[in-house]
Every structure is written in structure tokens, then in C-alpha cells.
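Please open the model in your viewer and keep the sequence panel beside it, since the tour moves from one selection to the next. Each stop names what to select and then says what is there.

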Amino acid sequence: MATRKKNDAPPAMEGQAAFADLMQQMAHLPQISPTTLAELQADYLKQATALWNTSLGQGEAPALGDRRFAAPEWRSNPAANFMTQLYLLNSQTLGKMASAVEADDKTKARIRFAVQQFVDAASPSNFLALNPEAQKLALDSKGETLSRGLQHLWGDVQRGHVSQTDESAFEVGKNVATTAGHVVFENELFQLIEYTPLTAEVHARPFLMVPPCINKFYILDLQPDNSLIRYAVSEGHRVFVVSWRNPDESVKALTWDDYIEHGAIEAIRVVQEISGQDKINTLGFCVGGTILATALGVLAARGEQPAASVTLLTTLLDFADNGILDIFVDEAMVRLREATLGPESPKGPQLLHGQELATTFSFLRPNDLVWNYVVGNYLKGEQPPPFDLLYWNGDSTNLPGPMYCWYLRHTYLQNELKQPGKLTVCGEKLDLGAIEAPVYIYGSREDHIVPWQAAYRSTQLLKGKKRFVMGASGHIAGVINPPAKGKRSHWIAKGSALPADSDAWFKSATEHPGSWWPDWSAWLASHAGAKKAAPKTPGSRKHKSIEPAPGRYVKVKA
């Protein structure tokens, strides 16, 4: 048994000192002003009292107004109705308290996010004992729904994620990613696919698409009727697409420079060689746009200007204010990633596993992408319906740790990509303003990953002639919006003025019904050169067909 030394403080004094230290630390924690807190408490008590009186039959309960509680069982069951009304009141009050915290913007955003995660997880709908709809289904089916729910749960445990769709309904190359083409080049980072022409003539300048490497390319080629790739081919373009490799242990040490030099720049060179054209049209989607712009900046520093045009879809170049993703990134978080995944980590470079990224993105919209399926799959025993976009969403990809750590630090944390000469990439001082090409910049109005205002900021960095278009809906649905569907709308401003303030641009913009694709297609055609006979065979003598599209790389699971 340890003995206390003569000069040691008595335990009571040690406890007092520890308590005083704790109080001092808590004094620096975010606080709510006493006046605001008193107002919130008074308002809560008033509403809670009214709710209790209503539950005793004194008045009519208000409509729940939340699709989680839309089934009639929530309203017909008095206990469930009261519990749900109380939950919604508590949720509303916690949200107000989070917004009332006196702290800097980033701290407040983190608190709001954490509170919302707790609120969404605590919903009565997520628990069988509190969900009258799930209980009725179990009774009516004599337990069959619960049996199926357990089977679905066990299947998801084996898969390692909550199923959002019937994954058995899809197979890459069979009913998604089906546009005809050939792999004409491959290295350790990507395969290059050339698509078979659908027109007798094609534009002289080829068209290269660079999709994000944090997802698989076939978001651009889900089904024939919603494929941006097929649309571009049918518009008379000779289309090439980068299909990124799903990294494994053999390439876990790859860096951002590797993705630029041996990824995007290599793809540009191969397309130039196959087509015989020095100038090519280019497109980057999300992180693919960041990679493409960086590659073109590196080539500009080398005195090369290969892009006849650049299309950037929901792309970040200026990372000053990027919505909800900003709350995850600070110096401590980046250092932790560098210490566990980066080149200097004790175990050496590691992979960032795809399921971690997929889970993070799902919890940005937890009710839609997590709890909705927990309730449906497990409590109600429902099989989620086949949905190509959600199948793609669950087909996650890994990332090499060093590449990911560089990206986090120099973009989201330090926002250096936009600063001329600040970064050295592939041995060159990077200046995005040195890219000499017209640019089509697209942002989605409800995008929570790349807010349209953040996409708009690229208009102030790039020096070529620019066109900015905003589409309705979110990060994916806004982009994948084929004209034939007649859905949604898009905004285009009169004239070519692109003021620094995105809101000033929006005030001058006009809403147009339907897809933005035809506007983009007309713009792209103006930079694509004259028409010539479509090639009869894919690739070239040097770059022959390796295998049919979509190739092997896209089929590798994380």
C-alpha cells in the first residue's frame, strides 16, 4: 500500500485543487448567457405544460409534422403521441440552446452538429419498444417482420454497413456502368476508358472526364437514361474517362503528387497521343475537379496549356468556407491523421478505408442515410428497394494515407491551393491563375458537401473566360439530371459579369426549367472543333484495347 510523503498535500486538499482546476477549465467552455438560458427555460416550461394538458384531454394535440412519425399509429396511440410530441419539443429546445452558445462560429457549428446527431439518434422511431408502427407490423405478421429484420441486421453486419438498397439487384458492367467502350491504358493508379462513338462523326478535340477518386467513376454512367458519359458520347464527343484504382496495401504510400503526375497528367498525355490533338476538352467532378485543376496548374508552370476548355462540377478550389465538412477539420484532427495514416506515422503509410469515409458522409444526413434504413431494414423487416444511385453510394473506395493527409492539410485546413506560388506540386510552384482555358463552373443549390457559394468562388481564381451555372438539388442529384426527365431547374445570370459576391450573382440570375446539360453541351461544342469521321477502333497503335469497359479496376471492392 502506497504511503503519503511528509510534504504531500492531504487528499482533501488535492481534491479541492483538482476541483478548482476543473472549474477553471469549465470557465473557458462555451456558455449560454443567463438571460438567454432563462428565456429558453421559460419557453420550454410553457410548451411542456401545454403538452401535458393536451395529453389529459384539454385541447387537441398539434400535428406531428415529421415524416418519421407519419404512420397513423403514432397519432392513434396516446402514449406514443405524447412521447413523440415531447421528443420534438426537447429536440427543438436543444437546437435553440446549441445556437445560443457564445462561441466562435466553428465551435458553434460543432456543437450544433453534435447535438443534432444526438437528437436524431434518440428519436423514438429508432427503438422497437417506442415505435408503435413497428410493433403493429410485428403483431400483424406474427413476428415475421422481426425475423426478417434480424436477418437483414446479420447480413449488414457481414457487409460492414447499413444497406441502403438491394445490393443484389446490381452488378457493375451488367446493369450499371454499361456504356460501351474499351480500356486503352492502365497504370497502378487508373485505367483510361475510351467510349465507343454513337455518332458517325465526332468533334476533332477529344473530351477527358476526371471523376472523384473517393468514389467510383460510374456515378457518371449509372443507367443509359441518366448517364452523363453516354449523353456526351451521343452529343458527338470522343469521350475518355479516368477509372481510378481502388487502392490496396500495395499502393498505400501514394501521394497527392502521384495522383497529379501519374493520374491526371498521365491521362491527359495518353488522350493527346491517341487523338493526335494537342488541345483537349476536360471535365472534373468534385475532388476530380480539384485534381484536374491542380494538374493543369502544374502543366502551366511547365509551359504547357493542353486544355481547350475546363468544366468543373461541384468542385472546390478555394476552401475558405465549405459548410458542414469544415467542422471536422482542425489542426489536431489533421495531425492525428498524419500520425496514423501519413508517411511519418510509426507504422508507415496506411490506407484510409472506404467504409470510414462512407460512414462519415452518411452521418452528414443521418435521418435520410442511416436511421431511415435502421428503422426500415431492422424494425420493420423491409427490404430496401433497388436504387442505382444508392448502390453506387455504398460501393466505397479506399485512399492512400499520404495523399489524403496532404489533401486535408493543404486544402481544407490551410486553404493554400488558391494562393499563387504557395504550394509546390510535382516540383512546380502552383498558380491556378496561370491556366489559360475557358471554364464552365457548376454548383448545386442544396449541396451540403460543396455549397454552391464555395463552387462559385472558383470564378475569382481562374483567369480564362468563365461561365457559372447553378442547378437545383444536391451534390449528386443536381449533377445527374438528364434533360429527358424534365426535372428540376437551373439558374444563369444575364451577361458575363461574375462579381466577387455570390449573392450578387444570384440576384441577377434567371431560373430556367429543366436540366443544365443542354446549356453545358452547347458551350462544350463551341470549344470542341470541327466534326470528322468517328474512329472505327478504340485507342491507337501504341495504346491498344486492353479489355472492354468498364474494366477491372472499378469492380474491386474496398
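Across the whole of this predicted model, a search finds 28 aromatic pairs. Begin by selecting Phe 207 and Trp 520, whose ring centres are 5.9 Å apart and whose planes stand at 50 degrees, so the pair is classed as tilted. Phe 207 belongs to strand 4 (residues 207-210) and Trp 520 to helix 18 (residues 517-525), so this pair ties together parts that lie 313 residues apart in sequence. Phe 207 is buried, its relative accessible area being 0%, and Trp 520, at 1%, also counts as buried.

For another geometry, select Tyr 407 and Tyr 412, an edge-to-face pair with 5.8 Å from centre to centre and 85 degrees between the planes. Tyr 407 is buried at a relative accessible area of 10%, and Tyr 412 counts as buried at 13%.

Return to Phe 207 and Trp 520 and add Tyr 231, Tyr 440, Tyr 442, Trp 516, Trp 517 and Trp 523 to the selection, and you have the members of one aromatic cluster. With neighbours within four places in sequence left aside, Trp 520 is in contact with Phe 207, Leu 228, Tyr 231, Leu 283, Thr 311 and Tyr 440.

**The nonpolar cores**

Which residues have the most contacts inside the largest nonpolar core? They are Leu 192, Leu 208, Tyr 218, Trp 505 and Trp 520, in a core that has 125 residues. Select helix 9 (residues 256-275) next, for this helix gives the most to that core, with 10 residues. A second core, separate from the largest one and made of nine residues, can be located by selecting Leu 64, Ala 71, Trp 74 and Tyr 87, which are among its members.

**Helix 7**

Now select residues 144-159, which form helix 7; at 1.5 Å a residue its 16 residues should span 22 Å, and its end C-alpha atoms are 23 Å apart, which agrees. Colour its buried residues, namely Thr 145, Gly 149, His 152, Gly 155 and Asp 156. They cover an arc of only 125 degrees around the axis, and therefore sit on the same side of helix 7. Turn the view to the face directed away from that buried side, and you will find the exposed residues Leu 150, Gln 151, Trp 154, Val 157 and Gln 158. To see what covers the buried residues, display helix 6 (132-140) and helix 13 (366-379), which are included in that cover. Just after helix 7 comes Gly 160, which has a positive phi, near 90 degrees.

**Strand 2 and its partners**

Move on to strand 2 (residues 190-195), a strand that is mostly covered, with six of its six residues buried. In a regular strand, side chains alternate between the two faces of the sheet. Here Phe 190, Leu 192 and Glu 194 point one way, while Gln 191, Ile 193 and Tyr 195 point the other way, and all of them are buried.

Show strand 1 (residues 181-186) as well, which runs antiparallel to strand 2 and is joined to it by five bridges; a hairpin of three residues connects strand 1 to strand 2. One bridge to look for takes Glu 186 to its partner Gln 191 in strand 2. Strand 2 is also joined by five bridges to strand 5 (residues 239-244), again in an antiparallel arrangement, where the bridge partner of Glu 194 is Phe 240.

**Loops and backbone exceptions**

Where does Gly 478 lie? Select the loop between strand 13 (466-471) and strand 14 (489-493) to find Gly 478, which is buried with a relative accessible area of 0%. Not counting residues up to four places away in sequence, Gly 478 touches Tyr 442, Ser 444, Ala 472, Ser 473 and Trp 516.

Most residues other than glycine have a negative phi, and most peptide bonds are trans. Ser 473, in the loop between strand 13 and strand 14, has a positive phi near 80 degrees and is partly exposed, with a relative accessible area of 21%. Cys 426, in the loop between strand 10 (424-425) and strand 11 (428-429), has a positive phi near 55 degrees and is buried at 14% relative accessible area. For the last stop, select Pro 550 in the segment after strand 17 (547-548), where the peptide bond from Ala 549 to Pro 550 is cis, with omega near 10 degrees.

Key: Residues numbered from 1 in each chain as written. Predicted model: local features only at pLDDT ≥ 70, side-chain atom pairs only at ≥ 80, totals over all residues. Heavy atoms only, no water. Phe/Tyr/Trp six-rings, centres within 6.5 Å; stacked < 30°, edge-to-face > 60°. Helix = DSSP H or I, 4+ residues; strand = E, 2+ residues; numbered from the N terminus. Buried < 20%, exposed > 50% of the residue type's maximum accessible area, 1.4 Å probe, protein only. Expected span 1.5 Å × (residues − 1). Arc of directions from axis to C-beta. Contact = heavy atoms within 4.5 Å. Core = buried A, V, L, I, M, F, W, Y, C linked by side-chain atoms within 4.5 Å. Pairing = 2+ DSSP bridges.
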